[in-house]
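Colleague: I am new to this structure. Please show me how to read its contacts and its metal site.

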Amino acid sequence: MTELIHLSADALAQQLAAKQVSAVEATQAYLDRIDAVDGAVNAYLHVNTEEALLVAAEVDQARADGDTLHPLAGVPIAVKDLIVTKGQPTTAGSRILEGWQSPYDATVVQKLRAARMPILGKTNLDEFAMGSSTEHSAYGPTRNPWDLDRIPGGSGGGSAAAVAAFEAPLALGTDTGGAIRQPGAVPGTVGVKPTYGGVSRYGAIAMASSLDQIGPVSRTVLDSALLHEVIGGHDPRDSTSLTDPVGALVEAARLGQVEGMRIGVIKELQGEGYQAGVLTRFHESLELLRSAGAEIVEVSCPNFRYALEAYYLIMPSEASSNLAKYDGVRFGLRVVPEGAATIERVMGATRAAGFGDEVKRRIILGTYALSAGYYDAYYGSAQKVRTLIQRDFAAAFEQADVLISPTAPTTAFKLGEKLDDPLAMYLNDVATIPANMAGVPGLSLPGGLADEDGLPVGIQLLAPAREDARLYRVGAVLESLLEDSWGGPLLAQAPAVPQITGRNR
Amino acid sequence: MAEITRDDVAHLARLAHIDMTDDELARMAGELAVIVESIKTVSEVAGDDVPATSHPIPLSNVFREDVVGETLSNEEALLNAPDNADGRFKVPAILDGE
Amino acid sequence: MSALTDEVLTFDEAMEKYDPVLGFEVHVELNTRTKMFSAAPNAFGDIPNTNVSPVDLGLPGVLPVVNGTAVESAIKIGLALNCSIAEKCYFARKNYFYPDTPKNFQTSQFEDPIAHDGYLDIELADGTVFRVEIERAHMEEDAGKLTHMGGAAGRIQGAEFSLVDYNRAGVPLIEIVTKPIEGAGARAPELAKAYVAAIREIVKNLGVSDARMERGNVRCDANVSLRPHGRETFGTRTETKNVNSLRAVEHAVRYEIQRHAAVLDSGTPILQETRHWHEDTRTTTSGRPKSDADDYRYFPEPDLVPVVTNDAWIEKLRAELPEPPAERRKRLQADWGYSDAEFRDVVNAGVMSSIEDTVTAGVSAAVARTWWMGEISRRAKLADVDPAEPGASPALIVELNALIESGKINDKLSRDVLDGVLAGEGTPAEVVEQRGLAVVSDDGPLLEAIDGALAAQPDVADKIRGGKVQAVGAIVGGVMKATRGQADAGRVRELILQRLGVEG
Ligand SMILES: [Mg+2]
Ligand SMILES: [Zn+2]
């Protein structure tokens, strides 16, 4: 069984197709693994045992009947609990949605169902995806499988930890400021933020609408490409959805190519504030790419240094408005205060009790940034910075086909270490945010372990909008060069997760 | 501009419909001041000649045809309602009863 | 709510000292099949919370998609109001908490409305034309419907709880905002009514709204301020919300002018606030003062992309516009040769379009008017409905008229035929057949009836024989009575004179 859960999604799919293993066996193996280790990791908020096994059994039956199946049919998947699923709870990691059942499926979930991928369950996250550590979940933090005292990244720490701890071969994440890529990097997994509009947001609970994007989390670059092709493509229910075809992402990942490519090192995303071990691994990756025939050039994106500031105006502004609907009227928590209960008071009490500190902090910050007299200075200026960041990207992509940087300035920090210092927490997203601001796609893959703490380091690749395929082409080559140097996948070096059965939830 | 008082936060909390205790207001005022201080340079970066970007990928005229699609049943609509009566969502009085 | 009745001056007293300045925000509900941002039906009167999709309830994860037909309706309204159409415009979020607003923000437009800077020429009853400048017309969505329970008469004050139906949430609205309207003087109330009537007529004529004020398809917020004669700067205004009939618009503006004048006369400043109109007392009461809670924190809606127009699109829509109502009236009156009074009566009776269709179908304007203003209007009035509602149609008039012209029936019979048709007895021809209403054209039965009538009134017969031909009417009347009106009166007259050997 251990071997089964260690297979990549691609390898599992091939074994399923060859009937060497059944979908029920594979799904059960993952459910068993969840049972064994999720008490320690807390990656899942809900495990969807019955339905997952049912779907797996249907896939096995269909295969026995000789039906034509999607290549990933029967490959299980975990879904970030920010994405709505019919028949399972969706909490967004918040008390305010505890017990809420969506009457509809997100578009990406419909696509998973159409491909007949068993959904293992819903993964933990920072409340409404607001955080970089998954410590802001109302349902307890997720722990890093490499070191249970450390954060798994955030906000999609549950999805990343589930994949890293072999509790799922694939997972869906959402990325607003790096929440797929940064937690992808921290526990040593692969995560991709597609071009904005490349994957439908319909059914992804909105944090910041102009920044949010759903994407794949996996253990290999090819696996992300496989999942990306399942979930990508135009959706008429999302007005910002691109009409472009998804593109031959799997082919790009299978072929791989860096020879003759210009890879731009972003001058502003290294140096001060970056951990030494992170930079060492980063430079090794550059050397590997150079040795494989890529031309390494340096590019400058001077306005990236304002990206974090602009992000912390745009994100909370949009979030303050997106989160207004949680008011105790139509769904979710309702708290009735003592005394004469007007709806105003019910709303105030409900939101006070239902939201955690970080959510409140961002709502208040966003309310401030949009309020009369401040709009131009704050929100308006931030939108202009966005234009400058886009111009920086445009100029950089004149000189390079793909850009490269560390995914996060540090390796995983300890649980609680930055909880009282929101600013320090925000700094974690400094390298990932520019892509969200400009809508360009980004991929993070493990770049090795930092010497000082033995924890995974992430390497980020960025491509122009609609050129997601380039990420896979370069990412696959870098991954294989790195794995050759390590003698196998990085996750093989991870310590065994203590088996703590009886999950928190 | 980065001066944020407890009263400012109280006003923002009212606008955002989040009840806050005195302690929370005080703590939030401190945290907000730090954050706002750290993001204030944004207003100095871009001049009047720089247009604002509200959408990362420029699209326009994304329209739906005026054709009726699926709706929820009354039961589905009210399924998650904290309170309901007579097929409708029930909420406490909107105005104070004085 | 204040229980005290506000002091008011008489309207004439108010006008002696002050000039009123008006402003209107009219919300028009479009009659698209679906909502502004969701594919749920836009329908009135259905079971609560059934015309809703996850989008209309603002459920977590949902996204809006713009109804293209609603955008075209907005452009058409803009063009009909002589507005410029924006080359590029955005949707914006207007943030405020209210339980009828599912997302706690309204998706609207802010800095760049789809239509701006237009005007509308309003014709008052005496023919005076007053130009009202239009500031903007923008797209937005309606809120759900709140019903207040446990208090008095469904009022929000004193209610114990409220029930929310989101069927109306998301219905497309066009909000039309005027610039300040100066110089109307004592005609301000009349202009107010005429302006809202003109908007209603235009959107109905465009076919973009059902324009039924009693259903809230057209809703008016009326802004009023006063300034002393000769003063340039505007006074503080009040906004009377949801004045939802033409009469109420006139009365509310008149009342606010009188109330403002009394307040100003007492030396008290006007409080900038919303006011509520009460139809029963024909007064307004204080609503909500303007406050710092009115900080709507508008920002561009990130979930919707901009609307970009071009000349070809706008000109295509312009070509689809029907003739403006005022021009159409002018043309029709000239074509039909009605006097001003006749035409006004036709318009007021609401049968202008019916007459137009009847004339188009080949009936003369005079005859069409006789039908629609006579028999049909009379019946409608009795039933207290619209003239078109009892089931009269231009096609029916055409058939009746053809039967009369062919001599098959006469005027009197035609009324019976109309009765029969409206009672559902079939087509006019079928009714004539079944009720046996055809004019008696066979001379045999007529001569029999004539002989009877002559015998019954021998003195009259003698007078006729003696050359008093005009006395023949009495005999004709007797014959018509005997034949239950089914005789052709002209032919009867001929036969009587023949019978008596008198030259007609
Ligand atoms: Mg208004
Ligand atoms: Zn409005």
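Colleague: How many residues do chain B and chain A each give to their contact?

Modeller: Contact means heavy atoms within 4.5 Å. Here 51 residues of chain B and 63 residues of chain A take part. This is a predicted model, in which local features need pLDDT of at least 70 and side-chain atom pairs pLDDT 80 or more, while totals for chains, interfaces and linings use all residues. Residues are numbered from 1 along each chain as its sequence is written, chains are lettered from A and ligands numbered from 1 in the order in which they are written, and side-chain values use heavy atoms, with hydrogens and water left out.

Colleague: What area do chain B and chain A bury between them?

Modeller: Buried area is the accessible area (1.4 Å probe) that two parts lose on being put together, summed over both. For chain B and chain A it is about 4900 Å², 67% of it on carbon and sulfur atoms. His17(B), Pro56(B) and Ile57(B) supply 13% of the area that chain B buries against chain A, more than any other three residues.

Colleague: How many salt bridges are there between chain B and chain A?

Modeller: A salt bridge is a side-chain nitrogen of Lys or Arg within 4 Å of a carboxyl oxygen of Asp or Glu. The count between chain B and chain A is four. Asp48(B) and Lys384(A) meet in a salt bridge, at 4.0 Å from N to O.

Colleague: And what does chain B do against chain C?

Modeller: That contact takes 34 residues from chain B and 54 residues from chain C. The two chains bury about 3500 Å² between them, 64% of it on carbon and sulfur atoms. Between chain B and chain C there are zero salt bridges.

Colleague: Which protein atoms are the donors of the zinc ion (ligand 2)?

Modeller: Donors are N, O and S atoms within 2.8 Å of the metal (3.2 Å for Na, K and Ca); water is not among the atoms, so sites may look incomplete. For the zinc ion (ligand 2) the protein donors are NE2 of His27(C) and OE of Glu140(C) and Glu175(C), lying 1.9 to 2.1 Å from the ion. Along the chain these donors follow the spacing H-x112-E-x34-E. The magnesium ion (ligand 1) is 5.1 Å from the zinc ion (ligand 2).

Colleague: Which strands hold His27(C) and Glu175(C)?

Modeller: Strands (E, at least two residues) are DSSP runs, numbered from the N terminus. His27(C) lies in strand E1 (residues 18–29) of chain C and Glu175(C) in strand E11 (residues 172–178) of chain C, so the pair ties together parts that are 148 residues apart in sequence.

Notes. Helices (H or I, at least four residues) and strands (E, at least two) are DSSP runs, numbered from the N terminus.
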